[in-house]
Structure formats: structure tokens, C-alpha cells
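Me: I've got a model open and would like to go through it with you, question by question. Shall we begin with the charged side chains?

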Amino acid sequence: MVIVFTAKLRPAWVDSQPCSSIHYGIFMSVVESQEPTVLTLTDNAAAKIKSLVAEEGNDKLKLRVFVTGGGCSGFQYGFSFDEEVNDDDTVISNKGAGLMIDPLSYQYLVGARVDYLEGLEGARFVVNNPMAATTCGCGASFSV
């Protein structure tokens with residue numbers, strides 16, 4: 001955890017004398033911050049990624065999650081398989097499966113959880129994003 005102290009010089013009071021003078025005081029505030037939680041790849045998602053990579057027969061493939069403009073809420077999630085890891089990509093691994101995030105998308109996905117669900121709506125990768133202020137009904141788009 002990082003603790004940051006900030007100090008500001010502000011007028012503390014003003015005399016009401018004809019030759020008014022301003023007295024200054026130092027006001028301190030404390031801001032706490034902590035390292036952000038990196039994106040989480042669940043065991044279900046890792047198992048599905050591994051099975052899809054095995055079907056393709058290419059061990060270099062990783063799932064890329066990205067954010068683009070669009071959808072009902074302003075931004076939408078996208079998924080694709082990619083074997084090329086860029087220098088500025090963040091790579092998350094779980095049980096031998098890899099997930100890549102580009103730096104532009106990463107800022108919208110800090111603390112998110114990527115999972116794989118099978119249910120009445122079908123089978124799909126989903127993002128549980130704590131930074132999303134609103135989401136659409138299907139969960140594919142969000143706003144911050």
C-alpha cells in the first residue's frame with residue numbers, strides 16, 4: 001500500500017482591519033492508494049481456452065480480450081485468439097492457458113474477472129468488470 005501526503009497552502013483567515021492581511025495555514029490531507037488487482041482468469045475460462053487451443057493444434061495461441069467503442073452502453077468486450085504477444089501486452093496465465101490485454105483495453109479492465117459460462121443463453125466467455133458503471137442486458141457492453 002502506498003500512502004501519499006499532500007500539502008496545500010490556503011488562506012486560513014482574513015483580518016477585517018482597514019489594512020487587511022491574509023494569514024496562511026498549511027492543510028494536510030492523506031490519500032491512500034493500493035496496487036490495482038490485475039485481471040483474473042478463472043479456472044473454467046482457463047480450461048476452455050486450453051481445450052480450444054488443443055483443437056487448433058497451436059500451443060502459441062492465447063485468448064485476447066479487448067475493449068472497443070460500441071454496443072448499447074458505449075463500450076463492448078471482444079475476444080479473439082492470437083499467437084503474437086506485443087511488447088506492451090499484459091499476459092495473464094492460469095493452469096497453462098494465456099490471456100492477453102492491450103494497454104488501451106487494460107485501463108478499462110483493471111480488477112475484472114474473465115470467466116467461461118455454459119447456460120441457457122449458450123456458452124461464452126464473460127467479463128465481470130467492477131469498473132463498469134452500467135451494463136446492457138446481455139453483459140456484452142458497458143459504460144464507465
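Reply: Sure, and keep in mind that this is a predicted model. A good place to start is a network of salt bridges that links Arg64, Asp82 and Asp89.

Me: Which residue does Asp89 form a salt bridge with, and how far apart are the closest N and O atoms?
Reply: Asp89 sits in the loop between β5 and β6, and its partner is in strand β4, 25 residues apart in sequence. Both residues of the pair are buried. The partner is Arg64, and the closest N and O atoms are 2.8 Å apart.

Me: Which side chain does Asp82 meet in a salt bridge?
Reply: Asp82 is in strand β5 (residues 75–82), and the pair links distant parts of the chain, 18 residues apart. Asp82 itself counts as partly exposed, at 24% relative accessibility. The N to O distance is 3.2 Å, and the side chain it meets is that of Arg64.

Me: Is Arg64 buried or exposed?
Reply: Buried means under 20% relative accessible area. Arg64 has a relative accessible area of 9%, so the label for Arg64 is buried.

Me: What is the bridge partner of Arg64 in β7?
Reply: β4, the strand that holds Arg64, pairs with β7 in the parallel sense over 3 bridges. Within β7, the residue that partners Arg64 is Met100.

Me: How many of the residues of β7 are buried?
Reply: Take the two faces in turn. Ala97, Leu99 and Ile101 are buried on one side, and Gly98 and Met100 are buried on the other. In a regular strand the side chains alternate between the two faces of the sheet. That leaves β7 mostly covered, with the buried count at 5 of its 5 residues.

Me: Which residue in β7 does Ser93 stand opposite?
Reply: Strand β6 (residues 90–94) and β7 run antiparallel and are joined by 5 bridges. They form a hairpin with 2 residues between them. Across from Ser93, the β7 residue is Gly98.

Me: Which residue in the turn of that hairpin has a positive phi?
Reply: The turn is the one between β6 and β7, and the phi in question is about 55 degrees. This residue is also exposed, with a relative accessible area of 55%. It is Lys95.

Me: Which side chain does Lys95 meet in a salt bridge?
Reply: Lys95 lies in the loop between β6 and β7 and its partner in helix α1, so the pair ties together parts that are 52 residues apart in sequence. The partner is partly exposed, with a relative accessible area of 43%. The N to O distance is 3.7 Å, and the side chain is that of Asp43.

Me: Let's turn to the nonpolar side. Which element gives the largest share of the largest nonpolar core?
Reply: That core has 22 residues, and Leu39, Leu41, Leu99 and Leu109 touch the most other members. At least two residues each come from α1 (43–56), β4 (62–69), β7 (97–101), α2 (103–109), β8 (113–119) and β9 (122–128). The largest share is 4 residues, supplied by α1.

Me: What is Leu109 in contact with, beyond its neighbours within four places in sequence?
Reply: Leu109 is one of the residues that touch the most other core members. In soluble globular proteins, nonpolar side chains tend to be buried together. Here the contacts of Leu109 are Leu39, Val65, Val67, Tyr77, Ile101, Val127 and Asn129.

Me: What lies 2.9 Å from a polar atom of the side chain of Ser105?
Reply: Ser105 lies in helix α2 and counts as buried at 2% relative accessibility. Leaving aside neighbours within four places in sequence, Ser105 is in contact with Val65, Phe66 and Val67. The atom at 2.9 Å is the backbone nitrogen of Val67.

Me: To finish, how many helices and strands does the protein have?
Reply: Reading from the N terminus, the order is β-β-β-α-β-β-β-β-α-β-β-β-β. The totals are 2 helices and 11 strands.

Me: And what percentage of the residues count as buried?
Reply: The protein exposes about 9300 Å², with carbon and sulfur atoms supplying 54% of it. Of its 144 residues, the share that counts as buried is 28%.

Conventions. Residues are numbered from 1 along each chain as its sequence is written. This is a predicted model: local features need pLDDT of at least 70, side-chain atom pairs count only at pLDDT 80 or more; totals for chains, interfaces and linings use all residues. Side-chain values use heavy atoms; hydrogens and water are left out. A nonpolar core is a set of buried Ala, Val, Leu, Ile, Met, Phe, Trp, Tyr and Cys residues joined through side-chain atoms within 4.5 Å. Buried means under 20% relative accessible area, exposed over 50%, partly exposed in between (1.4 Å probe, protein chains only). Contact means heavy atoms within 4.5 Å. A polar contact is a pair of N or O atoms within 3.5 Å; within protein, one must be able to donate a hydrogen and the other to accept it, and residues adjacent in sequence count only if both atoms are side-chain atoms. Two strands pair if DSSP finds at least two bridges between them. Accessible areas come from the Shrake-Rupley method with a 1.4 Å probe; for residues, only the protein chains shown count as cover. A salt bridge is a side-chain nitrogen of Lys or Arg within 4 Å of a carboxyl oxygen of Asp or Glu.
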